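This report concerns the arrangement of secondary-structure elements in a single model. Please consult the sequence and structure shown here alongside the text.

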Amino acid sequence: MKILFICTHNRCRSILAEAIARHFGEGLIQALSAGSQPADTVHPLTLAHLEKHGVPTAGLHSKSWHDCEYFEPDVVITVCDDAAGEACPLWFGKAAVIHWGLPDPSRIAGDPAARPDAIEAAFNNTIGLLKYRILTLRGWLAAGRTLVDMEHDLRKMGAVHGNF
């Protein structure tokens, strides 16, 4: 299954999702991430926390969704509320568009009053939630479920929040 993760700036949540899906997809998931208004760089704490969790970061960079036209995703997953409200490019074609709203740990990191333990917890929670969702999806794919069969459950999965 080819998944394109979208977040407006493609510097934190969508990058986390791409890296986690690539790492835990075990050949069942191909993943990219992009943004409608990409930042110049990936947030440095995004890379640092992925590495702390043993997730490879080589090749991760912020890119525009127009840079991914060749990818032809089966599923487009928006991971921020801003991206969920944007009009998707026509080249997404018949891809299922699903919203998995996630809190932005880089916002907490940008708050000068934020404590290091709160920043750590925010990144750990977002990474844990994405890992849970990707491992669940991988299990469904390994069991032979089709996108049509999973689409409702993928949407429902976006409503699950919690500490991991």
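The sections below treat the model, its sheet and two of its helices.

## Basis

The model is predicted, so local features need pLDDT of at least 70 and side-chain atom pairs count only at pLDDT 80 or more, while totals for chains, interfaces and linings use all residues. Residues are numbered from 1 along each chain as its sequence is written, and side-chain values use heavy atoms, without hydrogens or water.

## Sheet

Four strands form an open sheet in the order β2-β1-β3-β4, with parallel pairing (strands pair if DSSP finds at least two bridges between them). Strands β2 (30–34) and β4 (96–99) are at the edges, each with a single partner strand, so one side of each lacks a neighbour in the sheet.

Strand β3 (residues 75–78) runs parallel to β4 and is joined to β4 by four bridges. Thr78 is placed opposite His99 in β4.

## Helix α2

Within α2 (residues 44–52), Thr46, His49 and Leu50 are buried (under 20% relative accessible area, against over 50% for exposed, with a 1.4 Å probe and protein chains only). These residues span an arc of only 105° around the axis and therefore lie on the same side of α2. The face turned away from the buried side bears exposed Pro44 and Lys52.

## Helices α5 and α6

Helices α5 (residues 116–142) and α6 (residues 147–157) pack at about 170°, their axes 11 Å apart. They are therefore roughly antiparallel (angles over 145 degrees). Among the contact residues (heavy atoms within 4.5 Å) are Arg133 and Trp140 of α5 and Asp153 of α6.

Key
Axes are lines fitted to C-alpha atoms, for helices over the stretch in contact, and angles run from 0 to 180 degrees between N-to-C directions. Helices (H or I, at least four residues) and strands (E, at least two) are DSSP runs, numbered from the N terminus. Angles under 35 degrees count as roughly parallel, over 145 as roughly antiparallel, 65 to 115 as roughly perpendicular and the rest as oblique. The arc is that of the directions from the helix axis to the C-beta atoms.
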